Amino acid sequence: MEPRSASELFAAPFALSTLSDSDGPAFPALVVPDGEAVDLRGVFGHPRLTVLDLLDRWDENLPRLRALASDETLAWTDLDGLQVCAPVAPRQVLQSGADFGRHAIDLGCRVPGDERPDEERRGETAEITGLRPAEDLPYVFIGLPSAITGPYDDVVLPAWAEKPDWKLELAVVIGRSAHRVSVEDAPRYIAGYTIANDLTDRATVFRRDMAAIGTDWLRSKNAPGFTPLGPWIVPAESLAHPDDLRVTLKLNGETMQDESTTDMTFKAARVVSYASQTAQLLPGDLVLTGSPASKGMRWGRLLRDGDVMEGTVTGLGVQRTRCLAEASS
């Protein structure tokens, strides 16, 4: 599946992407809003250049990319006929959970073994959620780069996944090595933003054999292709208000998620800062910032063979992925 038109592109002077054609390997590209792209391998004189290479020296490369976006002498080509791949192959993926207020309340109502009335559980969880800003303690865990796939690739639903669900998110792309950075300084370490769909099998989130262990994110979130990413990395300088973006997911044309990042308990800069207090964030790393409410569990409708998900985040374009059931052996 591919973008339907240039109108599905981004709201910025340029963006980074990874493209491929039928004749060769994937390559890093500079894309402009009219739907044209230029292969950056020739421009930078590096035949094996990747987007990760560009992010490794982001402070140096950003001004050059800014100038290239208006250079009419370059060999620009139309995106039509090119495959749009995941925009970056990160070294690390960090994910923020239960960050949107309404979603956190929904999660609190699904703790295994809690048989209290739904109204009582929701009230308690809402009270706890209301205290989280004062406690200032985001919830961040680790994902696998091997789960990433392109923004228009088909997603295979594993046969063992009983309750596969969608989770559209704003994703931060790191542009400078970051360790123990403050919330105020965190934006300086952000190269740009993209879209991620953090697919999750709800049936395997909690361990059935030993509830005290808690969540099993390896099993529930990291099957191959469970993180459609992209299509573009839009530079942070072009996104004036990352804390006020609309996150919208449609399933077979019907809107299922539609909420602003204003509902995030911990905004993007805080999540980056928090993650950096423990981990060494590296250029190209992804920090997923959490997903709004109204997942499939809320609707009583999980993903199945043939479903098409269309995800948008304000200014970042559109990703469109089709679900396919795993072929029986």
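Let's start with one pair of side chains: Thr200 and Lys221 are joined by a polar contact of 2.8 Å. Keep in mind as you look that this is a predicted model.

Thr200 itself sits in strand 13, which spans residues 200-201. Its relative accessibility is 0%, and since anything under 20% counts as buried, Thr200 is a buried residue. So who surrounds Thr200? Setting aside the neighbours within four places in sequence, Thr200 is in contact with Lys163, Pro164, Asp165 and Lys167, then with Val205, and also with Ser220, Lys221 and Phe226.

Now move over to helix 3, residues 58-68, where Trp58, Asn61, Leu62, Leu65 and Leu68 are buried. These residues cover an arc of only 130° around the axis, so they end up on the same side of helix 3. What lies over them? The cover for the buried residues of helix 3 includes strand 1 (15-20) and strand 2 (27-32), helix 1 (40-44) and helix 2 (51-56), plus strand 12 (190-197) and strand 15 (234-235).

Last stop is a sheet. It is an open one of 5 strands, ordered 9-20-19-16-17, and its pairing is mixed. At the edges stand strand 9 (155-157) and strand 17 (254-260); each has a single partner strand, so one side of each is left without a neighbour in the sheet. On average, neighbouring strands here are turned by 20° against each other, ignoring direction. For a look at one pairing, take strand 16 (residues 246-251), which runs antiparallel to strand 17 with 6 bridges between the two. Pick out Val247 and you'll find its bridge partner in strand 17 is Glu259.

Methods:
Residues numbered from 1 in each chain as written. Predicted model: local features only at pLDDT ≥ 70, side-chain atom pairs only at ≥ 80, totals over all residues. Heavy atoms only, no water. Pairing = 2+ DSSP bridges. Helix = DSSP H or I, 4+ residues; strand = E, 2+ residues; numbered from the N terminus. Axes fitted to C-alpha atoms, helices over the stretch in contact; angles between N-to-C directions. Buried < 20%, exposed > 50% of the residue type's maximum accessible area, 1.4 Å probe, protein only. Polar contact = N/O pair within 3.5 Å; in protein donor to acceptor, adjacent residues only side chain to side chain. Contact = heavy atoms within 4.5 Å. Arc of directions from axis to C-beta.
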